[in-house]
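Colleague: I have a model open and would like to learn how to read it. Could you take me through it step by step?

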Amino acid sequence: MDEEPIPDQHAAWDPTTAWGEAGDWSGVNSADTWGEPGTTRRIAIDGRDENEEVRWFDPAVRALRPGPGVLPPLLADMLHDPDHALHSVSTQPRTPSTTPHVPTADEVRTAIPHPNAYYCREHNGWVFLQWRSSTVLPPLVKEPDHPLPDQARRRRTTSCIGDGEQPFGPSNLTHHWHRYEKAVDASKLNPPYTHGELHLDLYLCCQCSMYCLVSDVIPGVIPAALVDEFTRDKLSHPALDKTPRATVIAGWETILTIIDNRLWRDEKRSLPVGRARFRNKVGWSDVVRRVFETIGFPLEDLQQGENSTELALSPPPIDPSTPEGRASRTTLLRAWVEISAWLAIYQKSKEQLGEYRCMDLHVKAESERDMYQTGIGAHVSQISRGKLPAALQGYAPLEESWRVLGMTPSTYSWELLAFAYLAQCRCDPANTMVYFTHLWMIVNTMIQLGQNVPQELQTLIVEERSRFRFTPDDLQEAAKILGFGRDGELGVELDDEVDDDFIVQAWRSARQRAWQNPADATSRRAKLNEALRLVAEHRGSEKLLKAWNDEKGSGMSPETAYSTLEVPKEVDETMLLTVYSMRVEDQPSQAERMREALSVIAEVTNSERLRKFLATGQDPGDSTVSNISPDMPRGLNQLGNTCYLNSLLQYFYTIKDLRAAIISIAQADSKTLDDSKFTDDDLKRHRVGGRLVTRREVIRSKKFVNLLADLFFNMEYCENPSITPEIELAKLALVTTQDEEEDDNDKAGTDSSNDTDATLVDDMAPRPTYDRATSSPLQSPTESVLGKRSRDGDSSMDIDTAAPVSSPSERVEAAAKNTPSPPAANMQDATDLINDAVASSSKLSPAESPADVEMKDETQSNKAPPLPPRRTRTTDDSVMMFGRQHDVSECMDNCMFQIETALLDFQGKETSDDDKTSPIKRLFYGKKRQRLTSLSPKDDAGHQSSIHEKEDLFSHLHVNVADEGFDLYDGLARYFDDVVELGGEKKRMEVSLVDLPPLLQIQLQRVQFNRETQQAYKSQAYVKFGETIYMDRFLDSADPTKKARSKEIQAELSAARDRVHKLTQGKHAPFAPALKNVAEFLSGQKVLDLAPDDDLVSSLRNEEALVTEQLRVERERTVQLKQQLEDIWKDDTSAAYELTSVFIHRGSSPSWGHYFFYSRNLPNNPDAWFKYNDSDVTAVSKDEVLADTTGSTANPYMLVFVRKGTDAIETVHRFNPETVEDA
Ligand SMILES: [Zn+2]
Ligand SMILES: [Zn+2]
Ligand SMILES: [Zn+2]
């Protein structure tokens, strides 16, 4: 059986299965089939919701969940610094005292800020902390910024932890705490907090009635830093009779005693700090002064007798009947409690006190760490520690993962980790993939570090994967599998610009292509299905999910599908549907399987009719295609990495004569594939691209054209909305003869059995210095498929306008010897010179490789097609489906070359004039005149030798797309009149058109070169173009006066644009803002001590105004000049061309991206356009085609115009069954 075993996880997990009670996961995972219960079922957790977890990406279902939570151990860390213990503090009754103003019992009690305030010695401050189980929430100060957990669910359970508190037994491993920051006002509590405003963080367990309130640190009277300073000071300067620790204690005890005496003995005397007694007990320093200052004992001059004073600390008033008295009582009492508590805790470690006997304190401080840890469920007796493998302890890369999952590594156990993960997914479904990613990182790290991963965790990962949980890596891989990314066949990144329909199409066609290799088709398709599912979930796309659900199938192979329905492969669709309905009726129990079989056949045959039937249950009949109007052009399915080829094939199809010629020769005979029909002499009578062709090329070309004719036939007659071109066709289109020969050389070495070329041509010996291969993009540092060549394409079609020339071998010899050329070669040199100049034109991007500069005109020779030098393979080769990556125009040339070669007429005896009979030449080639004049003053301008002229054929015009703000005329103007550098000399090169072709192809050269980075980049500049263009001004026959005038204006225009460019784009530019900034800097800065230079500032400001004004003038000037230019030619409209095709590249890389194509519905509906996007063909408005593309990465790289009145284009060419005579 070639049928894929049904993947059990996927099949067993059925999202439509209803859940039982909470906690019942039996319907959810496939663990049953693995012989032990799945991990998720072994974790005590409740409140999960199947719908939310399945549809985690859907904002509608997750709106009410409280968001991320934390487990008790992490909460413990969050409540307060985990290294600090919090203490409960209590005061002891004192012996009664009779002095005035003794603190009342109430005053002493409220010296502790609140019954729930805990003292932290390290902070010398208090933390409000309360935990309790209550069905009533504390009063909230505001609407929480994220939802509260379900209160009904919370009320059902008193606490997640502890026996007997839950009537139904514990259903959760531990609490899941959710934080609501500063949500509770402490003054609204009972008892209220009365020492000022205090907002508490609220933590709610989403599973039980427990909540917890906590404050930030409420600082003590003496700042913690000062306490530390005093303590450190004592430790480092111990008294002679005491240990350092005893010195610390004695110091604080003295301060405490001073406070004590003030409050309980009404001690009012000042404390002279200079006296030995004070110095012995406390010492004197700035730190001591500050300590006393904070507790209300300012340092004052004490009058001692008539003339002397001494420094003394003056005690504060404590009379409660005065406001100051009340205030200092409160401060003193709080300080008294805090210092006592501090001492109580500090004294607890008795060591290093020596003989020192601590004084009795009236305050007790007990560490409550165990109590509050127990209260919130973090105690070691509740959650054990130390189960994390040693290798992972303190492993920094995972810190984030533990934190995100809401737990701490020290409390790791597989149960707790699994619980943490599931609880996060339950309470924060939106971030399910984030949690899965971190869970995966932890488990994966265990594996990487060689640790044993508990079986339960492994199972959990498998279970979750079977629910399509993914990590960012998985997502990236999924995009890759679907064909996105740098090396993908789609040529685009999977970003937000890509719409769902595009993804579905990509998925479908990749699934269909998978059948091309039946061996791994099922596994490949399973991967594609999973990839789509991940992408669908990531995007939260219902459309993709539906496509996945409807079409994923179970992995049935086409063979099984046909045999299931018991139909032969050749069955027609009507019969197929009849049989299908019959079988379903006969065996209702097999209906699902039958349906699956039908859907597989629908996919394999790419049948829209079957798809429709499956979707609606209605057979749309043979008229399926009528959904797509019969007039609609057909799409071309993607064929792997064929990039721009579909655009090109669609383009060829719109050209009436080309299409007709191709169909006619294919119909004429397939027997011409037999090479015996033409002799070697026949071959010598014809040229293509200015050279002879080989027998092999003729055969190859005929094959290509036959395949193309088949495709065209389908495009005319096929009922399906799209057609898949033959792989062989794509190969022949994309791979040049040279590539192929090289491959053969690589493979076959010396095998010459098929190398008939050598026998065909006798003057092959001198290897040419130029061939196409040397200009291959792979050779240049700036590889690009968008087209990097400028005018070399023309040169291969050069015609003989120069005088008789030396034979190529002579020229090569001459060049080799580096001797002066023989006289006869002078004219040839002139031609070469022009070619050279063309190639080295300064405006060309540096992508023009040196090979181009060395280009020589070979057309006069009677030479065989050159064999390319061996190239070393670069790794980029593997990127392309067919070995090498050529640029668009190269591929186009290759197609045209083959069409022309295939159309050669070997039957006619006479040497035919191929130029006249070839539809390629007739349609695409015009003739231009190139004139090169020296600009150097040393050359006599009138001198004959300084002017070189020649005529060439051309099939493309080139517009360099570098800067913004140019329209098509501007671009062409630069093509037709340019300054080039040749041998260090500047020459003017003027081009004019002698003959115009019916189809004018204008390439927009978007590949530019950044000299700084040495990188090619794609220029996204917008070049404005319209529906019509008039070429009159570029004609050789154009009015010379107008030409001269427009040349002047053009020069002025260029100069003005240059200046604008320099002022805004050049080095140091833009100038105006730079000057302004400097002026502002000089006038406004206060940092540097610069002498104010008002003159400089004002002259800078003037300069800025000047520059700004100049820019305005220049910009205005360019607009005027542009208008003048248009005015000159406004009446010259005889060479009118209409836009017919627009080729678009989308992407920012020059060497890859997505390609599509617009064609105007000529001749019948010139305002309508079609967009050909691989398999999709849609009608679009003209506005879309002509839109300003500024800011987009989708812009034209080639425009095609058709000469008005030539009727060369017929965009829609479809068989119409209603007019049968068409057939
Ligand atoms: Zn603390
Ligand atoms: Zn709880
Ligand atoms: Zn929760």
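Colleague: Of the contacts in the chain with a separation of 6 or more, what percentage comes from residues 24 or more positions apart?

Modeller: A contact means heavy atoms within 4.5 Å. By that rule, residues 24 or more positions apart account for 74% of the contacts in the chain with a separation of 6 or more. Before we go on, a word on conventions: this is a predicted model, in which local features need pLDDT of at least 70 and side-chain atom pairs count only at pLDDT 80 or more, while totals for chains, interfaces and linings use all residues. Residues are numbered from 1 along each chain as its sequence is written, chains are lettered from A and ligands numbered from 1 in the order in which they are written, and side-chain values use heavy atoms, with hydrogens and water left out.

Colleague: How many helices and strands does the chain have, and what share of its residues is buried?

Modeller: Helices (H or I, at least four residues) and strands (E, at least two) are DSSP runs, numbered from the N terminus. Here there are 44 helices and 28 strands. Buried means under 20% relative accessible area, exposed over 50%, and partly exposed in between (1.4 Å probe, protein chains only). Of the 1223 residues, 52% count as buried.

Colleague: Now the metals. Which residues are the protein donors of the zinc ion (ligand 1)?

Modeller: Donors are N, O and S atoms within 2.8 Å of the metal (3.2 Å for Na, K and Ca); water is not among the atoms, so sites may look incomplete. For the zinc ion (ligand 1), the protein donors are His80 (NE2), His84 (ND1), Cys120 (SG) and His123 (ND1), at 1.9 to 2.2 Å. Their sequence spacing reads H-x3-H-x35-C-x2-H. His84 sits in the loop between helix 5 (72-79) and strand 1 (87-91), and His123 in the loop between strand 2 (117-120) and strand 3 (125-133), so the pair ties together parts 39 residues apart in sequence. His84 is buried at 12% relative accessible area, whereas His123 is partly exposed at 27%.

Colleague: And how do I judge the geometry of such a site?

Modeller: Ideal angles at a metal are 109.5 degrees for four tetrahedral donors, and 90 or 180 degrees for six octahedral ones. The working rule is that four donors count as tetrahedral if all angles lie between 85 and 135 degrees; four count as square planar and six as octahedral if opposite donors are over 155 degrees apart and all others between 65 and 115; anything else is irregular. The site of the zinc ion (ligand 1) has angles of 104 to 115° and is tetrahedral.

Colleague: What coordinates the zinc ion (ligand 2)?

Modeller: Cys160 (SG), His175 (ND1), Cys205 (SG) and Cys208 (SG) do, at 2.1 to 2.3 Å. The angles of 100 to 114° make the arrangement tetrahedral, and the spacing is C-x14-H-x29-C-x2-C. His175, in the loop between helix 7 (151-156) and strand 4 (177-185), and Cys208, in the loop between strand 5 (199-205) and strand 6 (210-219), are 33 residues apart and link distant parts of the chain. His175 is buried at 1% relative accessible area, and Cys208 is buried at 0%.

Colleague: Which protein donors does the zinc ion (ligand 3) have?

Modeller: His176 (ND1), His178 (NE2), Cys206 (SG) and Cys427 (SG), lying 2.0 to 2.3 Å from the ion. The spacing along the chain is H-x1-H-x27-C-x220-C. Angles of 102 to 123° make this arrangement tetrahedral. His176 is buried at 0% relative accessibility, and for His178 the value is 0%, so this residue is buried.

Colleague: How many aromatic pairs are there?

Modeller: A pair of aromatic rings is described by the distance of the centres and the angle of the planes. Rings of Phe, Tyr and Trp (its six-membered ring) pair if their centres lie within 6.5 Å; planes under 30 degrees apart count as stacked, over 60 as edge-to-face and the rest as tilted. The count comes to 31 aromatic pairs. One of them is Tyr644 with Tyr1155: the centres are 5.4 Å apart and the planes at 80°, so the pair is edge-to-face. Both Tyr644 and Tyr1155 are buried. Ring pairs also join Tyr644 and Tyr1155 into a cluster whose members include Tyr651, Phe652 and Phe1143.
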